[in-house]
Amino acid sequence: MAQSRILDLVKSQCRIFSLNFNPQRLRLGNKILRQRLRGPALSAWYPRKTVSFRDLQNTYKPLGLTTFDEYEDDREEAIQVSLRGKGRPKKKRSAAGNVILNNPPYRYIHMQPTTN
Amino acid sequence: MVKMAGMFRPRRLDLSGFINTRVIRDHNKRMAIEQTEPERQALRYMIRNTSLPQRVRAQAQLQLSQMHPYTRPTQVKNRCVASGHGRSIVRAFRLNRFQFRMQAIAGELPGVQKASW
């Protein structure tokens, strides 16, 4: 069979299957274009977050439905503690508004003149 | 272009399951690769195409080499989904060998059974 006939055959084959007809075997980089994109498969490795508790809170807030708020609960508890007189004592203040140290640091105690 | 890894960090963490810094970093890399893959492939095509002018191909080479390292597919590392471990991962289950063993014995992996004969 003549060489030109084979070339014609290959040419029509390439046209039908939408391939690149390249009888000179030039390096046209088409193998890069044939590759599939790997990105979607790579990015699907780790499980993704779908719905979080915060999303639920935000969606039901306009309807007036509230959920347990841990920070608010802690704050109210702390208020109750201080109301019962169990909280931290207030710092003493002089007339000028300066804070007087209840427990002066160790080094100050030793710096004072000793009386006998 | 400033090369900072932080530019690929999403504003809100969209992962569930086991999370540590290395898992987040790897996930960010995967996102960056997915984003820039068409651009990278276009540049690679230009580099391999010998019918293009030499200058164009050299420019494409330069541009590809100056892209952020996080956009490079060789940067990804398959890590364990349940523990974040980076070694001896069973790819089909995305678990490392110890997590795979524990889950398999607990019957959490369908079709996996401890061999005994």
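A residue is called buried here if 20 or more other C-beta atoms lie within 10 Å of its own, with C-beta atoms placed from the backbone. With that criterion in hand, select chain B of this predicted model and colour its residues by burial: of the 117 residues of chain B, 14% count as buried.

Stay with the whole of chain B for a moment and turn the C-alpha trace onto its principal axes, along which the trace spans about 65 × 35 × 20 Å. The radius of gyration of chain B is 20 Å, whereas a compact globule of 117 residues would have one near 13 Å.

Next, switch to a cartoon view, in which chain B shows three helices and two strands; followed from the N terminus on, these elements run in the order α-α-β-β-α. If you draw the contacts in chain B between residues at least 6 apart in sequence, 40% of them join residues at least 24 apart.

Now select residues 19-73 of chain B, which form domain 1, and then residues 78-117, which form domain 2. The C-alpha centres of these two domains of chain B lie 33 Å apart.

From here, go to B:R79, which is found in the loop between α2 (54-65) and β1 (89-90) of chain B. Is B:R79 buried or exposed? B:R79 is buried, because 23 other C-beta atoms lie within 10 Å, against the 20 or more that the criterion asks for. Select its contacts, leaving aside neighbours within four places in sequence, and you will have B:R22, B:V23 and B:D26 together with B:G84, B:H85 and B:G86. One of these pairs deserves a distance label: the C-alpha atoms of B:R79 and B:V23 are separated by 7.0 Å, although their positions lie 56 residues apart along the chain.

B:V23 leads on to the next selection, since it belongs to the largest nonpolar core, a set of six residues made up of A:Y46, B:V23, B:C80, B:V81, B:L95 and B:F100. Centre the view on B:V81, which, not counting residues up to four places away in sequence, touches A:Y46 and A:P47 in chain A as well as B:G17, B:F18, B:R94 and B:L95 in chain B.

Finally, widen the selection to the whole contact between the two chains, where 23 residues of chain B are in contact with 18 residues of chain A. Coloured by class, the side of chain B that touches chain A has eight nonpolar, eight polar and seven charged residues.

Conventions. Residues numbered from 1 in each chain as written. Chains lettered and ligands numbered in written order. Predicted model: local features only at pLDDT ≥ 70, side-chain atom pairs only at ≥ 80, totals over all residues. Helix = DSSP H or I, 4+ residues; strand = E, 2+ residues; numbered from the N terminus. Rg over C-alpha atoms; globule rule 2.2 N^0.38 Å. Buried ≥ 20, exposed ≤ 12 C-beta atoms within 10 Å, placed from the backbone. Contact = placed C-beta atoms within 7 Å. Nonpolar A, V, L, I, M, F, W, Y, C, P; charged D, E, K, R; others polar. Domains from an automatic or database assignment. Core = buried A, V, L, I, M, F, W, Y, C linked by C-beta atoms within 7 Å.
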